[in-house]
Every structure is written in structure tokens, then in C-alpha cells.
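Here's a quick tour of one model, written for someone who would rather look at it than read about it. Have a look at the sequence and the fold first, then read on.

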Amino acid sequence: MKTQLFNNAADVQADLLVVFVPSEGELPAATAQADEKVQGQITALREQTVFKGSVAQTLLLPSVVEGQPALLLVGTGKEALSDMNAKKVIAAIGTQIKGLPYATVAVAATGLSVKNRDQKNITTLLAQWLNEAFYEFLGFKQSDADKVTKVETLLIEGSDQAALDIGVATASGSAFTRQLGNLPGNVCTPAYLASKAQHLGEEFGIDIELLDETKMDELGMHCLLSVGRGSDQPSYLIVMHYRGGKEDEAPHVLLGKGITFDTGGISLKPGAKMDEMKYDMCGAASVFGTMKAICELKPALNFTAVIAAAENMPSARATKPGDVVRTMSGKTVEVLNTDAEGRLVLCDALTYIERFKPQSVVDIATLTGACIVALGSVNSGMYANKQDVADALKAAGGEAADKLWQMPLDEEYQQQLDSNFADMGNIGGPEAGSVTAACFLSRFTESYPWAHLDIAGTAWTGGAAKGASGRPVGLLTQYLLSKAN
């Protein structure tokens with residue numbers, strides 16, 4: 001849908017106007033103007049406690065005057081909203097709008113107050129979260145053909161076009177990420193991801209390189225290849241180059257884990273919830289989504305996206321526990337558990353990335369269940385070999401309301417990876433599983449500034465709302481924008 005700015009809620013031409021109503025105190029200016037046009041109904045409803053203005057409460061006042069928009073009242077509580085409550089408020093707006101027959105919807109954004117955020121930042125997040133609220137996964141149900149978003153134009157009150165553009169582009173990237181993450185494994189294969197990269201190249205004019213198994217074998221990427229050996233689906237290393245900076249400027253690189261389905265291989269996972277292992281490519285999906293957002297925003301920087309794509313299946317050809325494989329770097333790995341496969345595809349990709357002489361590298365992966373145990377679904381886990389990279393990611397996460405938490409990368413954890421038969425094992429035992437996975441990756445990042453995001457707990461939502469979350473596209477987009485000249 002089109003998303004545009006408007007200047008004044010009193011003059012806006014729309015079918016529906018969304019205004020914010022606190023539970024006490026003065027009404028925001030736009031809400032007060034709307035209250036006048038409906039002869040004080042908003043004030044009366046609040047005083048009579050029919051509409052209390054509690055957080056995320058909504059009430060529709062249909063238009064009774066020709067030419068005047070209908071009103072959607074949305075409660076914001078007693079004080080400035082936390083990020084969590086702001087998301088609830090905006091999600092409530094999206095839920096209401098989806099069911100209403102209005103083509104043009106205007107939101108009086110200046111009535112929304114969020115703690116520690118200025119109006120520019122609120123405009124970005126409002127545009128992003130409202131657009132994300134309209135996402136629906138379509139394509140496999142017979143009823144999908146009947147689902148049509150009624151809203152054609154979304155108007156947001158404000159004056160900062162750049163802030164609006166960031167929010168809209170981030171939502172576009174998030175939707176792309178969620179779509180990829182929600183696709184079933186029989187559709188979203190490594191070859192499918194390669195085709196999506198080619199489509200992005202055609203749409204935005206970015207350069208695409210696809211390394212097939214023959215090329216990866218020539219390069220010595222035997223660790224990555226070992227993961228896909230049990231599958232009939234060929235593995236790919238996918239490289240996308242966005243060149244918006246100076247010709248001689250080194251790129252910032254994002255690397256995504258793209259395990260399009262993870263059975264665990266010979267170390268087979270339990271059957272319960274194995275269907276959700278289609279989400280094991282959400283690191284790759286978030287990199288695709290970020291590339292889409294960056295291509296739409298066109299910042300002045302050079303950015304390279306790399307996807308290590310494979311399917312982890314059991315078969316007579318599959319890698320076995322106890323096998324030793326050689327990485328592109330020359331280091332050898334004893335595969336103690338074939339379900340610790342993400343680090344095996346990433347380590348060769350991290351070595352390949354050295355040729356770009358990157359300014360920074362961030363890998364994003366649904367890497368460990370241990371990270372879910374440690375941080376749940378609120379924060380992504382972050383590890384870094386340079387504190388300035390960690391600090392930049394923290395700042396981006398704060399700007400994007402996309403939380404992360406820095407985890408330790410102490411030398412003492414490295415010894416858990418010791419192997420009697422190879423340079424290292426691919427797991428470090430039952431303790432500190434997320435940390436030792438990051439320690440494994442760190443051994444392949446000595447030539448550049450690097451950070452690792454473990455998004456196992458944040459990339460996917462379980463239960464009744466099962467599906468890809470779109471995180472951390474907001475964080476990654478803000479990180480790259482902070483690097484633009």
C-alpha cells in the first residue's frame with residue numbers, strides 16, 4: 001500500500017482518521033481537533049469511562065457528517081508508552097483496520113508519545129509497525145484468493161520524509177523476510193534462495209554471484225558441503241553486492257545461515273515441532289530482507305550480502321558423527337553432532353568473505369537452542385571480536401526497537417572445542433552452548449571486525465501465532481544506515 005505523510009489532522013482527506021487518547025490529562029492536539037468535530041464525544045466517552053483510554057483499547061466512531069472521516073480511538077494509557085506497549089498499540093490499530101471497509105487511513109502520529117524517542121524516530125517505527133501489521137502469509141490456502149487488503153493508502157502525520165521512508169522500506173524488507181521464513185521446505189530450497197537473489201538483482205540492478213557445489217569444492221569449502229551431502233537438494237553460496245558507496249570503499253558484509261530445512265541429519269531431531277525447522281534459514285531471510293530495504297533506500301555505502309544455503313538431511317551419503325572435514329581455511333573439524341550444522345556452513349563462508357577485505361562482518365543465524373534458554377524470545381544474542389562493532393549494533397538495535405544482548409566470548413570457553421582427532425570439534429559439550437558456538441565461528445574471523453547474532457529465539461514466533469517474526473531486519477537496516485557516508 002502507498003504510505004505518505006500529511007501535515008495537519010484537521011485538514012486531512014481520509015476515510016478513517018486514527019487518533020490517540022490517553023486515559024487522563026489533556027488530549028493531544030489532533031485528538032482535541034477531532035473531538036471538536038464530533039461535538040465533544042471523545043471527552044464525554046472518556047469521562048463516562050465508556051472509553052477509558054487504556055493501552056491498546058480501541059473504539060470506532062463512524063462518520064455521521066458527509067465529507068468527515070470516521071474516527072478510530074486508540075488508548076495510550078497514563079504516560080508515555082514503553083516500546084513494548086507502543087507495539088501493542090500499533091498492533092491493535094492494524095487489527096482494527098484490517099476489518100474495516102476504508103481505502104484511505106490517516107494516523108495522527110504526533111499524538112503518540114513513546115519513552116526516549118523523538119518524533120522522527122516515532123515516525124519511522126509507526127510507519128514500519130503499521131505496514132508490518134498488514135502482513136499475511138498467502139499462497140497455500142484456497143481461501144487466500146479472497147483475502148484482499150482494503151487499505152490502499154496509509155497517511156501518517158509528520159514532516160520527516162526520510163524517517164517515513166526508513167520505516168516503509170524496513171517493513172518491506174521485514175515482509176520479504178517473513179515470507180521466505182514461512183515458506184515450506186519443499187518450496188524454499190537452496191536453489192529457490194538462489195533464484196530470489198537473481199530476482200533482486202534484476203529488480204534493483206545489484207550484482208549477483210552464485211557458487212554451486214562444483215565451485216565450492218574447487219575452493220575447498222568441504223565443511224559447508226558436508227552439511228548438504230545427505231540431501232538431494234544442491235547447496236549454494238549466494239553473494240549479492242549493493243554498490244552505493246565509493247568504488248574503492250571496502251564493504252560491510254552480512255552473512256546469513258540458510259539451512260532451508262534441518263532434520264538434524266544423522267543426529268536426528270525429535271519429531272515434535274520438526275516442521276518448524278523450515279525456519280532454520282531465517283538468518284538468510286533477514287539478510288535478504290535487509291538487502292531489499294537497503295536497495296529501496298539507496299544509502300551511500302557498499303554492502304555485500306552472503307548466504308550459505310544447504311539442506312540438512314539423513315541419508316547413506318550424509319556426514320556422520322565422528323567424521324572429520326576440512327574447512328576452506330585449512331583447519332579440520334570433527335563433526336561430533338550433525339545437528340550443529342549452522343556453524344559448519346558459516347565457517348567456510350566467513351573464510352570466503354576475507355577476499356572482500358570488509359570493514360565489518362555480521363553473521364546472523366538461528367544457531368542454538370541454548371540461546372533460547374538464555375535469552376528467550378526478547379533479545380537476540382550478540383557476540384563480537386571488536387567492541388566498536390558491538391556498540392554500533394547495540395545503538396542500531398535501540399534505534400530500531402529490536403533488542404539484543406551482548407554475550408561473553410572469553411578465551412576460557414575455547415578449550416571446550418578441543419578434539420583428539422581434529423583441530424576442533426563442532427560442539428563444546430552441554431555447558432554454554434551458545435557461547436561455544438560463537439567461539440567456533442570466531443576462529444574464522446581473525447582478519448576482520450566481526451559480530452555474530454544468534455536469533456534462534458527471536459526470528460520465529462511459536463504457538464497460535466506461529467510464523468517468522470521478520471527480526472532482525474530493523475536492527476540490520478539501521479546498522480547499515482549508520483555506516484553510510
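Let's start in a loop: Asn 116 sits between β5 (104–107) and α4 (119–133). Helices here are DSSP runs of H or I with at least four residues, strands are runs of E with at least two, and both are numbered from the N terminus. Asn 116 isn't a glycine, yet its phi is positive, at about 65°.

Some ground rules before going further. This is a predicted model, where local features need pLDDT of at least 70 and side-chain atom pairs count only at pLDDT 80 or more, while totals for chains, interfaces and linings use all residues. Residues are numbered from 1 along each chain as its sequence is written, and side-chain values use heavy atoms, leaving out hydrogens and water.

**Helix packing**

Here are three helix pairs side by side. Axes are lines fitted to C-alpha atoms, for helices over the stretch in contact, and angles run from 0 to 180 degrees between N-to-C directions.

| Helix pair | Angle | Axis separation |
|---|---|---|
| α6 (190–204) and α9 | about 5° | 11 Å |
| α9 (282–297) and α14 (473–482) | about 45° | 9 Å |
| α10 (342–352) and α13 (433–442) | about 30° | 9 Å |

To put words on those angles: under 35 degrees counts as roughly parallel, over 145 as roughly antiparallel, 65 to 115 as roughly perpendicular, and the rest as oblique. So α6 and α9 are roughly parallel to each other. Leu 193, Lys 196, Ala 197, Leu 200 and Phe 204 of α6 meet Phe 288, Met 291, Lys 292, Cys 295 and Glu 296 of α9, where contact means heavy atoms within 4.5 Å. By class, that contact has seven nonpolar, no polar and three charged residues. For these classes, Ala, Val, Leu, Ile, Met, Phe, Trp, Tyr, Cys and Pro count as nonpolar, Asp, Glu, Lys and Arg as charged, and the others, Gly among them, as polar.

Helix α9 also packs with α14, and those two are therefore oblique to each other. On the α9 side, the contact uses Ser 286, Gly 289, Thr 290, Ala 293, Ile 294 and Leu 297, and α14 brings Val 473, Leu 476, Thr 477, Leu 480 and Leu 481. That gives seven nonpolar, four polar and no charged residues.

What joins Arg 471 and Pro 472? A cis peptide bond does, with omega at about 0°. Pro 472 belongs to the loop between β19 (467–468) and α14.

The third pair, α10 and α13, comes out roughly parallel. Arg 343, Leu 344, Leu 346, Cys 347 and Leu 350 of α10 make the contact with Ala 437, Phe 440 and Leu 441 of α13. The class split is seven nonpolar, no polar and one charged.

**Record annotations**

The unreviewed UniProt entry gives "binding site" for Asp 262, Asp 339 and Glu 341. UniProt positions follow the numbering used here, feature names are shortened, and annotations may be inferred rather than shown by experiment. These residues are spread over 80 residues of sequence but cluster in space, with a largest C-alpha distance of 8.6 Å. Asp 262 is in strand β9 (residues 252–262).

The same unreviewed UniProt entry places "domain: Cytosol aminopeptidase" at residues 337–344. The end C-alpha atoms of that span are 11 Å apart, and the span is 38% helix and 0% strand.
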